Amino acid sequence: MGQDAPAGLVVFLVALPLCLGISLASGAPLLSGVVAGIVGGVLVSWLSGSAVSVSGPAAGLTTIVLSGIATLGSFPAMLAATAVAGVMQIIMGLGRAGIIALYFPAAVIRGMLAAIGIILIMKQIPHFLGADSDFFEDLNFSQVDGFNTFSAIGAAVRGLSWGSVLIGAVSLALMLLWDTKAVRRQPWARLVPGALVAVLVAVGLNQLLEAVAPELRVRPEHLVTLPVISSVQQLLGAMIFPDFSALSNPATYGVALTIALVASLETLLSVEAVDNLDPQKRHTPTNRELMAQGAGNLVSGLLGGLPITAVIVRSSANISAGGQTRMSAFIHGLLLLVSLVFLGSVLNLIPLSALAAVLLLVGYKLTKPALYRMQWRLGREQFIPFIITIIAVLFTDLLKGVTIGLVLGFFFILRDNSKAGSYLRNEPTAEDEPGLLHLRLPEHVSFLNKASIVTTLEQLPAGSRVILDGTRSDVIDHDVLEAIEAFRQAAPARGIELELRGIRQVMVAGH
């Protein structure tokens, strides 16, 4: 608990502009993103089995929400679809669909994390310079404002605000100083996160600039912009609730299915990545995670919030700030709730350049040079999917980039499976005659083994005497059986004497 409270505060400071920015990019009310963040923190943190993962609205769902509102005709109808998507995710979790996460290669997950680190650095530069026009957590290469990742930086350099640069630089320097061994040895420094110190100093510095050099103060559009709500009654009046009449529209279920599938995939990718980052290397139960996210989306939809997923940026910030248990995510959710009613006017004093400095450090920790050196030492089968995933995520978006990395990773798996002798071995027994090849199949033979087996059989010398032994195999895929039968029928033409043991014959087309 000692580190969880400060970590929760840091995650709250990072999450607040992200929730607001994603609302804007989704074409939804500002309040909806904060509601989703509250649900992700207060509810999902306790239902999830992850100790350090943080849930909330995700940039990857913005286009789905935008198109969903257009398809269904209103935001309340979209909320109904979000609630239905939550029910679908709960069913997916009960159906044990979380096993998909076990098939994500480690090289691709590391590549995704490194790419997000690079994207965070590049995307936060315009906010750091005080010349941004895009929302705070747009991870896509092509931005909603017409710029791309590179052109946005160029535009920011041409229109930078020196006050934002000064505040961002001071914030970054303070956090780097806070991370030095000399400061971290102090007991009081471990209780107060450097990010909080940086944000407080940034607010004070901007107020000072307003008094002594007004031309340098941070412009209002580059400050946090939280809706100011002065009472619980006003909050309830500002909330939007779902239009359940949309449930009679078949299109609602199509939008819900899209949300459920994309949100589930992003969640599984995120928790797999977060487990890699967790210093204690704890494992998240993926089926439970799907059900937790489903419950979160159900409640978020009912309360007027955006769809939610487990999110890497906030989870990385949590780990970087020292979060150790789910309390940090819960505290961030509580702070989002409190901020809506009591802290709106205060939080609107925070310069975005100070929060950009926090994310610049988070980004660097995700893409440290040591990670690239480690992947290089593991060999090209690990390095190529890693680097291709990075490039693909940088120039497309998270899901497309990871899909490209997964395809490449599976290519290497299939290629390795096609190597001769990998799944078919010459294991002579005591009773075998000299010169007899006794080839044994493994315990489980899937279609992935087909290329290896066919290659081995094709390389058998003409005139061989061969026993193909499947007596130890519990399962032999039908595709493999067909390939063996085709070889059996072709063997006499090559003078190969073949005996099959424990392998049933199948009909082959054309024979």
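Here is a short walk through this structure, from the model's confidence to its cores and its largest pocket.

What you are looking at is a predicted model, so let's begin with how far the predictor trusts it. The chain has a mean pLDDT of 86, with 92% of its residues at 70 or more. Among its elements, helix α4 (residues 75-94) has the highest mean, 97, while strand β3 (residues 425-426) has the lowest, 60. Treat residues 507-511 separately: their pLDDT is below 50, and the stretch has 5 contacts in the model beyond near neighbours in sequence.

Now turn to the interior. In soluble globular proteins, nonpolar side chains tend to be buried together. Here the largest nonpolar core holds 101 residues, and Leu16, Met112, Ile116, Leu340, Ile350 and Val402 have the most contacts inside it. Helix α5 (residues 106-129) gives this core its largest share, 12 residues. To see the packing around one residue, pick Met112: leaving aside neighbours within four places in sequence, Met112 is in contact with Leu269, Ala273, Ile312, Thr389, Leu398 and Val402. Apart from this core lies another, of 16 residues, including Ile453, Leu457, Leu468 and Phe487.

Finally, the pocket. The largest one has a volume of about 740 Å³. It is lined by 32 residues, with Ile319, Ser320, Ala321, Gly322 and Lys365 the closest to its centre. Helices α1, α7, α9, α10, α14 and α16 each supply at least two lining residues, and the largest share, 5 residues, comes from α16. By character, the lining divides into 17 nonpolar, 8 polar and 7 charged residues.

Terms used:
Residues numbered from 1 in each chain as written. Predicted model: local features only at pLDDT ≥ 70, side-chain atom pairs only at ≥ 80, totals over all residues. Heavy atoms only, no water. Core = buried A, V, L, I, M, F, W, Y, C linked by side-chain atoms within 4.5 Å. Buried < 20%, exposed > 50% of the residue type's maximum accessible area, 1.4 Å probe, protein only. Helix = DSSP H or I, 4+ residues; strand = E, 2+ residues; numbered from the N terminus. Contact = heavy atoms within 4.5 Å. 1 Å grid on protein atoms, 1.4 Å probe; cavity = no way out; pocket = protein on both sides within 12 Å on 5 of 7 lines; lining within 4 Å. Points joined across faces, edges and corners; volume = space filled by probe spheres on them. Nonpolar A, V, L, I, M, F, W, Y, C, P; charged D, E, K, R; others polar. pLDDT = per-residue confidence, 0-100.
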